[in-house]
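The following exchange examines how the descriptive terms applied to a protein model follow from its computed values. Each reply sets a value against the criterion in use.

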Amino acid sequence: MNIRTIFTFLVGLAIIVAAATWCYCAHSAATSPTIRMKVTAYCPCKKCCGKWADGITASGAKAQGKLIAAPKEIPFGTWINVPGYGWAEVKDRGGSIKRNRLDVFFESHQEALEWGVKYLEIEQ
Ligand SMILES: [Zn+2]
C-alpha cells in the first residue's frame, strides 16, 4: 500500500461515516414529530354507537380488546400509540372522527366514560 491508496481509503471511509451519520439523523428526525389530537372513548353500546351498536367495527373486525377509530386518512391496520391507552390498531371509523380526532375503544361504557376527553401528543 502506498500513501495514495491509504489516502483514498481514508477519504472513502470518511464519506461512509458522514453518510451513515446523516442517514441516522434524518431518520430520527423523521420518526419523532407528534401531533396534538383530541382523543375520546367509546364502547359498543347503543349510547356510543346508536344503530351501529352491533359489535362489528367499520373494518369488519369484532369490537373487542383494544382498537381505535380514526379518520379515513389513517388506513385500517395502522398501529397508533395513544398515551394512557397503549398501542392499538385502527379498525373503526366514526361520523365525528375527522381531522386530528381519535376514538379509543373500551369494552364497557363505564371505562369509556372514565376516559372522557383528552388532548394528547400522538406520534406520527
Ligand atoms: Zn357506550
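**Core, sheet and loops**

The largest nonpolar core of this predicted model has 17 residues, and those with the most contacts inside it are Ile68, Ala70, Leu102, Val104 and Phe105. The elements that give two or more residues to this core are β1 (34–42), β2 and β5 (101–105).

Q: What makes a set of residues a nonpolar core?
A: Its members must be buried residues of the nonpolar types, joined through C-beta atoms within 7 Å. The set of 17 residues that includes Ile68 and Leu102 is the largest such core. In soluble globular proteins, nonpolar side chains tend to be buried together.

Q: Which residues is valine 104 in contact with, leaving aside its neighbours within four places in sequence?
A: Valine 104 is in contact with Val39, Ala41, Ile68, Val82, Tyr85, Ala88 and Trp115. Contact requires C-beta atoms within 7 Å.

Q: How do you know which elements the protein chain has, and in what pattern they follow?
A: The helices and strands are taken from DSSP runs. The protein chain has three helices and six strands, and along the sequence they follow the pattern α-β-α-β-β-β-β-α-β.

Q: In what order do the six strands form the open sheet?
A: The order is β3-β4-β2-β5-β1-β6, with mixed pairing. The twist from one strand to the next averages 45°.

Q: Why are β3 and β6 called edge strands?
A: Two strands pair if DSSP finds at least two bridges between them. β3 (79–82) and β6 (117–123) each pair on one side only, and they are the edge strands.

Q: What makes β1 and β6 a pair, and in which sense do they run?
A: The criterion is at least two bridges. β1 and β6 have seven, in the antiparallel sense, and so they count as paired. Within this pairing, threonine 34 has glutamate 123 of β6 as its bridge partner.

Q: Why is β6 said to lie largely in the open?
A: A residue must have 20 or more other C-beta atoms within 10 Å to be buried. Of the seven residues of β6, the number buried is zero, so the strand lies largely in the open.

Q: Which senses of pairing make the sheet mixed?
A: β2 and β4 pair in the parallel sense over three bridges, whereas β3 and β4 run antiparallel and are joined by four bridges. Leucine 67 stands opposite glutamate 89 in β4, and isoleucine 80 has alanine 88 in β4 as its bridge partner. The pairing of the six-strand sheet is therefore mixed.

Q: Which residue takes a positive phi in the hairpin of β3 and β4?
A: Glycine 84 does, with a phi near 90°, in a hairpin that has three residues between the strands.

Q: Why is lysine 91 called buried?
A: The threshold is 20 or more other C-beta atoms within 10 Å. Lysine 91 has 24, and is therefore buried. This residue lies in strand β4 (residues 86–92). Beyond four places in sequence, lysine 91 touches Thr57, Ser59, Ala61, Leu67 and Phe76. The C-alpha atoms of lysine 91 and leucine 67 are 6.1 Å apart, with their positions 24 residues apart in sequence.

Q: Is aspartate 54 buried or exposed, and how do you know?
A: A residue is exposed if 12 or fewer other C-beta atoms lie within 10 Å. Aspartate 54 has 9 such neighbours, and so counts as exposed. Its place is in the loop between α2 (46–49) and β2 (67–69).

Q: What makes alanine 58 partly exposed?
A: Partly exposed residues fall between the limits of 12 and 20. Alanine 58 has 16 other C-beta atoms within 10 Å, and is therefore partly exposed. Alanine 58 is also in the loop between α2 and β2, and touches Asp92 and Arg93 beyond four places in sequence.

Q: What is notable about the phi of asparagine 100?
A: Most residues other than glycine have a negative phi. Asparagine 100 has a positive phi of about 60° although it is not a glycine. This residue is found in the loop between β4 and β5. With 13 C-beta neighbours inside 10 Å, asparagine 100 counts as partly exposed.

Key: Residues are numbered from 1 along each chain as its sequence is written. This is a predicted model: local features need pLDDT of at least 70, side-chain atom pairs count only at pLDDT 80 or more; totals for chains, interfaces and linings use all residues. Two residues are in contact if their C-beta atoms, placed from the backbone, lie within 7 Å. Axes are lines fitted to C-alpha atoms, for helices over the stretch in contact, and angles run from 0 to 180 degrees between N-to-C directions.
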